[in-house]
Amino acid sequence: MVPPERRTLIADTAIDLVAAVGLRGLTHRAVDTAARLPAGSTSYYFRTRTALIGACYQRLAELDLADLDGLAEPAGGDGPDGDGPPAADREAVATADREAVATALAALLHRWLTTGRARQLARFELSLEAARTPELETDLHRAGLGARVRAAELLGGLGAERPEEAARSLVAWTDGLLYDRLAGALARSGPAPDLTELAAVARRMVDAALA
């Protein structure tokens with residue numbers, strides 16, 4: 001059984017290595033060196049490179065879910081009879097909820113494009129590896145499913161008629177935006193991430209997902 005703190009250290013270090021030098025630099029020895037662990041530590045806990053990459057997927061999923069848990073909770077509450085807010089207020093509450101979620105999503109996108117960019121770069125590179133390696137498909141699927149389930153719960157709370165379908169669209173749009181800003185043709189020459197612009201984009205994405 002891998003001690004949680006050692007597992008986390010190894011996975012976080014491996015993710016940072018992938019972001020910095022790509023998968024070609026992901027070796028057990030490189031992780032030991034970067035994490036300042038005794039030689040052989042990483043291979044002791046994760047015997048194969050496939051197992052090490054699987055640990056990266058699991059850690060990325062944990063971090064993404066923690067970020068998604070920070071998105072705004074719906075502002076609505078029960079009315080005096082426990083049937084929700086009065087009918088006259090429901091539209092205003094729904095608008096406030098949608099705006100809160102869009103604002104929180106914009107802040108999350110800004111963080112992923114700035115202080116959290118390394119994690120997102122690693123996620124894209126690791127996803128490509130899974131597309132070429134059947135043994136990794138299960139780990140990738142499990143990692144991506146959690147985010148979509150959480151997004152479906154959030155959109156369902158905002159009134160989406162088909163929350164699972166809406167979540168797939170929202171996650172796809174989010175991934176596309178991140179890839180475009182981090183690794184696309186204009187990633188290095190484009191303007192720096194701007195929170196105001198991202199807020200407008202997030203509102204459009206949420207509105208479209210709920211349409």
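A residue is called buried when its relative accessible area is under 20%, exposed when that area is over 50%, and partly exposed in between, with a 1.4 Å probe and protein chains only. By this criterion, buried residues make up 40% of the 211 residues in the chain. The structure is a predicted model, in which local features need pLDDT of at least 70 and side-chain atom pairs count only at pLDDT 80 or more, while totals for chains, interfaces and linings use all residues. Residues are numbered from 1 along each chain as its sequence is written, and side-chain values use heavy atoms, with hydrogens and water left out.

The secondary structure of the chain consists of nine helices and zero strands, where helices (H or I, at least four residues) and strands (E, at least two) are DSSP runs numbered from the N terminus. Read from the N terminus, the order of elements is accordingly α-α-α-α-α-α-α-α-α. With contact taken as heavy atoms within 4.5 Å, residues 24 or more positions apart account for 70% of the contacts in the chain that have a separation of 6 or more. The accessible surface of the chain, obtained by the Shrake-Rupley method with a 1.4 Å probe and, for residues, with only the protein chains shown counting as cover, comes to about 11,800 Å², and 54% of this surface belongs to carbon and sulfur atoms.

Two helix pairs illustrate the packing. Axes are lines fitted to C-alpha atoms, for helices over the stretch in contact, and angles run from 0 to 180 degrees between N-to-C directions; angles under 35 degrees count as roughly parallel, over 145 as roughly antiparallel, 65 to 115 as roughly perpendicular and the rest as oblique. Helices α1 and α2 pack at an angle of about 105°, with their axes 9 Å apart, and α1 is therefore roughly perpendicular to α2. On the side of α1 the contact is made by L9, I10, T13, A14 and L17, and on the side of α2 by A30, V31, A34 and A35. These residues of the α1 and α2 contact divide into eight nonpolar, one polar and no charged, where Ala, Val, Leu, Ile, Met, Phe, Trp, Tyr, Cys and Pro count as nonpolar, Asp, Glu, Lys and Arg as charged, and the others, Gly among them, as polar.

In the second pair, the axes of helix α6 (residues 117–132) and helix α8 (residues 163–182) come within 11 Å and cross at roughly 105°, so that α6 is roughly perpendicular to α8. The contact involves R117, Q120, L121, R123 and F124 of α6, together with D175, L178, Y179 and L182 of α8. Here the residues of the contact comprise five nonpolar, one polar and three charged.

The loop between α1 (4–21) and α2 (28–35) contains L26, which counts as buried because its relative accessibility is 1%. Apart from residues up to four places away in sequence, L26 touches A14, V18, V31, R49, L52 and I53. The C-alpha atoms of L26 and T13, which lie 13 residues apart along the chain, are separated by 9.7 Å.

Helix α4 (residues 49–69) includes D67, a buried residue with a relative accessible area of 13%. Polar contacts are pairs of N or O atoms within 3.5 Å; within protein, one atom must be able to donate a hydrogen and the other to accept it, and residues adjacent in sequence count only if both atoms are side-chain atoms. The side chain of D67 forms one such contact of 3.1 Å with the side chain of R111 and another of 3.0 Å with that of R119. When neighbours within four places in sequence are left aside, D67 is in contact with L108, R111, W112 and R119. Also placed in helix α4 is R59, which at 15% relative accessibility counts as buried; leaving aside neighbours within four places in sequence, R59 is in contact with R7, T8, A11, D12 and I15.

In the loop between α2 and α3 (41–45), R36 has a positive phi of about 60° although it is not a glycine, and its relative accessibility of 77% makes R36 exposed. Helix α9 (residues 195–210) holds L210, which is buried, with a relative accessible area of 15%. Outside the neighbours within four places in sequence, L210 is in contact with R98, L155, L158 and A160, and the C-alpha atoms of L210 and P163, 47 residues apart in sequence, are 8.2 Å apart in space.
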